[in-house]
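Here are my notes for a colleague who is opening this structure for the first time. They are set out as numbered points, to be read with the sequence and the model side by side.

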Amino acid sequence: MKIVFFGTPQFAVPTLEKLLNHSEFEVLAVVTQPDKRRERGNKLTPTPVKAIATAHNLPVWQPERVKKDTETLTKLKQLDADVFVVVAYGQILSAKILNMPKLACINVHGSILPKYRGAAPIQWCLYNGERETGITTMLMDVGMDTGAMLQIATTPIELLDNAQDLADRLAGIGGDLLVETLLKLERKEIQPIPQDNLAATYAPLIQKLDYALDWSKSAIQLHNQIRGFYPNCTATFRDNLLKITASAPLGSVSDRDLPVELQELMHKLPDLSNVSEQPGVVVSIVKGIGAIIQTGEGLLLLREVQLAGKRPQSGWDFVNGTRLTVGEVFGAGS
């Protein structure tokens, strides 16, 4: 099966590698986003997908706007591919491109469709506290993740999973599911299933305001925001911006989902159930672990934070380094 691969971030790499290492598939070329300049040294950095493609001596095309790039469109047509595979490419494909491959244009999407169509399905499913997610392979059409579904693979979401953890796991699942999907499609063993548009939900691009923490929210809401939009959620501390990169909600129905060491911590803590401090106040400091913050409902343990211009550090190192005390107040992010 002759394939053209469209993809950009690390999430797409395991799928490309599965195709490259499978005897039934021949990757003819790769289409990825243009290289970007990174902060350090301002050097142009290839996309993760381009790095893999280059290592395998594959043709790599990086149009600014693929559906408007005449040269790329001509090359794609000339390849006469059986399948176009799209994994987190980052651009919308036109109907002209979708109709080029002989067999199909197939997308590997990071959710259980029709839930979380759009650009950031992994982040928003965590933000919304989902307990399960997965990968859907589907036939592409001109809509935003609206095509008929081919196969679905699911995975549970643990309480302390963040967006990076979940993306890494789903990326591996996606590679395996795509291989299975392509083989079954070629043998005509799959019947595409139309999506229920009435059940659809959307996962739009994340905006800067989505990162701002509001301590009047509940502990579980704040925790889901921190892990969903990892590693960028912000609060203020002593008039400076502070990223909170890992947390754990305490004293709530989710305690049973905590790791054993944190469950044991809860039993050893003084009774904080009657604490009635204002949201954002440090109500306890746990030696060797970190600070516990009052929220609008419940308590939030800060497991990892990042001061401006510094590397991420454990909650306990933060307590020691800043000489944090009970009664200090964290402000909202911005």
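1. A convenient place to begin is Val 4, whose bridge partner in strand S2 is Ala 29. This pair belongs to the pairing of strand S1, residues 2–7, with strand S2, residues 26–31, in which the two strands run parallel and are joined by five bridges. Please keep in mind throughout that the model is a predicted one.

2. The pairing of S1 and S2 is part of an open sheet of seven strands, which follow one another in the order S5-S2-S1-S6-S7-S8-S9, with mixed pairing. Strand S5 (60–61) and strand S9 (149–156) stand at the edges of this sheet, and each has a single partner strand, so one side of each is left without a neighbour in the sheet.

3. Thr 8 deserves a separate look, and it is found in the loop that lies between S1 and helix H1 (13–20). Is Thr 8 buried or exposed? The relative accessibility of Thr 8 is 13%, and because the cut-off for buried is under 20%, Thr 8 counts as buried.

4. The surroundings of Thr 8 can be described in some detail. Its side chain and that of Thr 32 are joined by a polar contact of 3.4 Å, while a polar atom of the Thr 8 side chain lies 2.7 Å from the backbone oxygen of Tyr 89. When residues up to four places away in sequence are not counted, the residues that Thr 8 touches include Gln 33, Thr 47, Pro 48, Val 49, Val 87 and Ala 88, as well as Thr 32 and Tyr 89.

5. Following the chain on from that loop leads to H1, which packs with helix H6 (residues 163–186) at an angle of about 40 degrees, the axes of the two helices being 7 Å apart. That angle makes H1 oblique to H6, and the crossing in which H1 passes H6 is right-handed. On the H1 side the contact is made by Pro 14, Thr 15, Lys 18 and Leu 19, and on the H6 side the residues taking part include Ala 171, Gly 172, Gly 174, Gly 175, Leu 178 and Leu 182.

6. A second region to examine is strand S13, residues 290–294, where five of the five residues are buried, so the strand is largely enclosed by the rest of the structure. S13 pairs with strand S12 (residues 282–286) in the antiparallel sense over four bridges, and it pairs with strand S14 (residues 299–307), also in the antiparallel sense, over three bridges. Ile 292 of S13 takes part on both sides, being the bridge partner of Ser 284 and standing opposite Leu 301 in S14.

7. The two hairpins around S13 should be checked at their glycines. The hairpin of S12 and S13 has three residues between the strands, and there Gly 288 takes a positive phi near 85 degrees. In the hairpin of S13 and S14, with four residues between the strands, Gly 298 takes a positive phi near 95 degrees.

8. Finally, some values for the whole protein give these details their setting. The protein has nine helices and 16 strands, its C-alpha atoms fill a box of roughly 70 × 45 × 35 Å along the principal axes, and 48% of its 334 residues count as buried. Among contacts with a separation of 6 or more, residues 24 or more positions apart account for 64%.

Terms used
Residues are numbered from 1 along each chain as its sequence is written. This is a predicted model: local features need pLDDT of at least 70, side-chain atom pairs count only at pLDDT 80 or more; totals for chains, interfaces and linings use all residues. Side-chain values use heavy atoms; hydrogens and water are left out. Buried means under 20% relative accessible area, exposed over 50%, partly exposed in between (1.4 Å probe, protein chains only). Two strands pair if DSSP finds at least two bridges between them. A polar contact is a pair of N or O atoms within 3.5 Å; within protein, one must be able to donate a hydrogen and the other to accept it, and residues adjacent in sequence count only if both atoms are side-chain atoms. Contact means heavy atoms within 4.5 Å. Axes are lines fitted to C-alpha atoms, for helices over the stretch in contact, and angles run from 0 to 180 degrees between N-to-C directions. Angles under 35 degrees count as roughly parallel, over 145 as roughly antiparallel, 65 to 115 as roughly perpendicular and the rest as oblique. A crossing is left-handed if the near helix is turned anticlockwise from the far one by less than a right angle, and right-handed if clockwise.
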